[in-house]
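Please look through the model shown here before reading on. The text starts at the ligand and then turns to the helices and the backbone.

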Amino acid sequence: MSPDPVVARWWHAEGERLRCELCPRACLIGEGQAGSCCVRRNSGGQLHSLSYGQPTGFAVDPIEKKPLFHFLPGTRVLSFGTLGCTLRCRFCQNWPHSHPEAVEMRARHSTPEEIVALAKQEAVPSIAYTYNEPTVFSEYLIDTARAARSAGLRNVAVSNGYITPQARREVFAELDAANIDLKGFSEDFYRDLTGGSLQPVLDTLVWIRRETEIWLEVTTLLIPGLNDDDEMLAAECDWITAHLGTEVPVHFTAFHPDFKLRDRPPTPPETLARARDLARAKGLRYVYVGNVAGADGLHTYCPECAQKLITRGWHAAETLALQAGRCTQCGAKIAGVFA
Ligand code: SF4
């Protein structure tokens, strides 16, 4: 953790304790204590962001790995995260980063300007805030994203969408694209498996779609027996169609047993294919599968003429029949950001 933590935003004092206003948990934090995310601490009557300036590492990834399939496909993105998370998912697929109390990790100090310089050095067009929940380091994200925009770079986040409206406005104002996890489509699922609640995530999704220009994609990790039955999937797809529209790309990705949920098997490819078929039957035009190799659901097809537009291998993409955002066979406009 940082030896010199910065003062956080989005909090107020209640007596001798501090109420954090960054995520819907609204932790009431006593002197010397940290909130549920482990990285926002009351020190001397001020809330400090312990993850500011403390990335756990950097990688240059294909943008498809986020996953973002309709935002600058085929490009690379400088990716980093810090420690901590606003949810407590029992099935966390990245728990060494999200739950720093569970493992000792060394972070290294990097200023926003150093990150932008690294992105320029790597000649990537964008920076991704990912690996752990990026809203937990919102102050650092904002400063880095502003520096990136000044340098002509774009910003993308992979987030659980569990953030208060007041923080959301300021954090997401700096983003060009986001993939939001919709972890399951019931309040019971969120309460029992994430320690959070569904409604704030739905609110974030609707707000992004209706109130911003941010390119939006949605991901659901399918866990056998917990969120993969037809009834729940149909309810999710109906909600997406009604509130986000049929153009938003939806990703169904495969779970592997991890963290505190090791008694469930990995998601079979047939489950991913079933979810994709169901979503397409509900009218969603761009539905993908993830964490599997060689599936047809990795590719982008024209929703009008079925021409294959983009082919994808293991996170690598090749554009076949897409020019200026249109299908070269029938001319249909394809939803996304392609330049
Ligand atoms: S961001 Fe952290 S400290 Fe703030 S309310 Fe959420 S879990 Fe609690």
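The paragraphs below cover the ligand site, the helix packing and two backbone details.

This is a predicted model, in which local features need pLDDT of at least 70 and side-chain atom pairs count only at pLDDT 80 or more, while totals for chains, interfaces and linings use all residues. Residues are numbered from 1 along each chain as its sequence is written, and side-chain values use heavy atoms, with hydrogens and water left out.

The residues around the ligand, meaning those with a heavy atom within 4 Å of it, include Cys 20, Cys 23, Cys 27 and Cys 37. Arg 25, Arg 40 and Thr 86 also belong to this shell. By class, the shell holds seven nonpolar, three polar and two charged residues; here Ala, Val, Leu, Ile, Met, Phe, Trp, Tyr, Cys and Pro count as nonpolar, Asp, Glu, Lys and Arg as charged, and the others, Gly among them, as polar.

Two packed helices are described by the angle between their axes and the distance between the axes. Helices here are DSSP runs of H or I with at least four residues, strands are E runs of at least two, and both are numbered from the N terminus. Axes are lines fitted to C-alpha atoms, for helices over the stretch in contact, and angles run from 0 to 180 degrees between N-to-C directions.

The axes of H6 (residues 199-211) and H7 (residues 230-243) come within 10 Å and cross at roughly 30°. H6 is therefore roughly parallel to H7, a term for angles under 35 degrees; over 145 is roughly antiparallel, 65 to 115 roughly perpendicular, and the rest oblique. H7 also packs with H8 (residues 269-281), at an angle of about 40° and with the axes 10 Å apart. This makes H7 oblique to H8. H4 (residues 165-172) and H6 have axes that come within 12 Å and cross at roughly 40°, so these two helices are oblique to each other.

Most residues other than glycine have a negative phi, and most peptide bonds are trans. Lys 66 and Pro 67 are joined by a cis peptide bond, with omega about 0°. Pro 67 lies in the loop between strands E7 (57-62) and E8 (76-81). Tyr 131, in the loop between strand E9 (126-129) and helix H3 (138-150), has a positive phi, near 75°.
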